[in-house]
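The following exercises concern pockets and surface in a single protein model. Each task is followed by a solution in steps.

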Amino acid sequence: MARQLVECVPNFSEGRRKEVIEALVRPFRETKGCYLFDFRADEDHNRLVVSLAGEPAAICDAVLAASATAVERIDLNAHRGAHPRMGAVDVIPFTPIAGITMEECVTLARTFGERFHKTLHVPVYYYEEAALRPDRTRLEVIRKGQYEGLKEEITRPERHPDLGEPKLHPTAGATVIGARKFLVAFNVNLNTTNVEIAKTIAKRVRASGGGFTAVKGIGLALEEKGLVQVSMNIVDYDQTALYRVLEFIRMEAARWGVTVNGTEVYGMIPTRAILDSAAYYLQIDDFDPGQVLELKLLELMREEERS
């Protein structure tokens with residue numbers, strides 16, 4: 001039987017206290033079968049994004065251990081940050097990598113959600129492919145109102161959690177767990193402090209505002225940097241290349257006399273998503289990913305293993 005590998009990108013509502021961040025990351029370093037690829041803590045967002053890959057059982061053990069630390073040490077009543085959130089452990093998505101189907105990842109997400117709720121007593125919502133209701137596929141719909149708004153809204157039948165009583169954990173809120181395709185967390189920083197410009201551009205670039213169908217986005221103020229940001233998730237990088245999104249934002253920003261300060265990629269990114277943009281900006285005609293030395297070597301090694 002082929003080895004099963006999944007990616008998991010848990011998001012925690014902590015980006016400032018270094019000792020808490022280290023405690024959250026520790027289980028991912030120490031759990032056998034779990035591989036820590038990347039973690040980014042942002043003070044403006046006040047959020048920690050961790051990228052993991054490994055065997056499903058090991059990933060689940062490590063994420064549960066880190067979540068226990070988050071529930072113990074993060075109090076959303078005192079939490080402030082630019083990024084929307086409704087839980088100390090805000091979102092836990094599973095993505096199939098190898099030897100596992102999306103359907104199996106859905107089962108994994110739901111089974112882990114039951115274990116998560118039983119252990120930590122935090123209400124759970126399922127989203128994307130694991131959603132139990134069609135109106136809960138989108139994270140932004142579930143998270144509407146954030147922690148503060150959901151305190152009251154959760155008592156309404158349409159906002160009840162999928163697991164747990166209709167009330168938030170007093171300090172850890174609620175957590176969204178699901179299964180989804182690989183997405184790229186892509187941010188564009190703008191040389192202005194006017195957050196309304198970022199919010200307007202975010203509305204125009206995202207699918208819900210009539211923009212790119214594979215883009216979700218919000219406008220944020222990065223007060224520590226003296227900038228604003230269009231923060232996005234590219235949910236299908238084959239459908240919407242990063243360079244198209246960047247050039248659209250650059251064009252829209254120019255209407256206000258604003259320039260792009262730089263971009264950020266949070267977490268891991270597939271090679272193809274980078275190569276598409278590299279080929280565009282370098283104006284390489286008929287570029288083939290097989291021309292990339294490391295990719296060609298990996299292909300030859302896989303062929304050798306199969307023979």
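**Exercise 1.** In this predicted model, which element supplies the largest share of the lining of the second largest pocket?

*Solution.* Begin with the space itself: the second largest pocket holds about 370 Å³. Next, list its lining, which consists of Tyr-237, Pro-270, Thr-271, Arg-272, Leu-275, Pro-289, Gly-290, Leu-295, Lys-296, Leu-298, Glu-299 and Arg-302. Two elements, helix 8 (271–282) and helix 9, each provide at least two of the lining residues. The largest share, 5 residues, belongs to helix 9. Sorted by class, the lining comprises 6 nonpolar, 2 polar and 4 charged residues.

**Exercise 2.** Determine whether Leu-297 is buried, partly exposed or exposed, and identify the surface patch to which Leu-297 contributes.

*Solution.* First, locate the residue: Leu-297 belongs to helix 9 (residues 293–306). Its relative accessibility is 44%, so Leu-297 is classed as partly exposed, since that class lies between 20% and 50%. Finally, Leu-297 joins Leu-293, Leu-298, Leu-300 and Met-301 in a nonpolar surface patch of about 480 Å².

**Exercise 3.** Describe the largest pocket and the composition of its lining.

*Solution.* The volume comes first: the largest pocket contains about 1,300 Å³ of space. Its lining has 49 residues, of which Leu-139, Glu-140, Arg-143, Lys-216 and Asn-233 are the closest to the centre. The elements that each supply at least two lining residues include helix 4 (139–142), helix 6 (195–205) and strand 10 (227–234). Strand 9 gives the largest share, 5 residues. By class, the lining has 19 nonpolar, 15 polar and 15 charged residues.

Note on methods:
Residues are numbered from 1 along each chain as its sequence is written. This is a predicted model: local features need pLDDT of at least 70, side-chain atom pairs count only at pLDDT 80 or more; totals for chains, interfaces and linings use all residues. Side-chain values use heavy atoms; hydrogens and water are left out. Patches are made of residues with over 30% relative accessible area and no salt bridge: like charges are joined within 9 Å, nonpolar side chains (Val, Leu, Ile, Met, Phe, Trp, Tyr) within 5 Å. Accessible areas come from the Shrake-Rupley method with a 1.4 Å probe; for residues, only the protein chains shown count as cover. A salt bridge is a side-chain nitrogen of Lys or Arg within 4 Å of a carboxyl oxygen of Asp or Glu. Helices (H or I, at least four residues) and strands (E, at least two) are DSSP runs, numbered from the N terminus. Buried means under 20% relative accessible area, exposed over 50%, partly exposed in between (1.4 Å probe, protein chains only). On a 1 Å grid over the protein atoms alone, a cavity is a set of points where a 1.4 Å probe fits but cannot get out, and a pocket is an open set with protein on both sides within 12 Å along at least five of seven lines; lining residues have an atom within 4 Å of a point. Grid points are joined across faces, edges and corners, and a volume is the space filled by probe spheres set on the points. Ala, Val, Leu, Ile, Met, Phe, Trp, Tyr, Cys and Pro count as nonpolar, Asp, Glu, Lys and Arg as charged, and the others, Gly among them, as polar.
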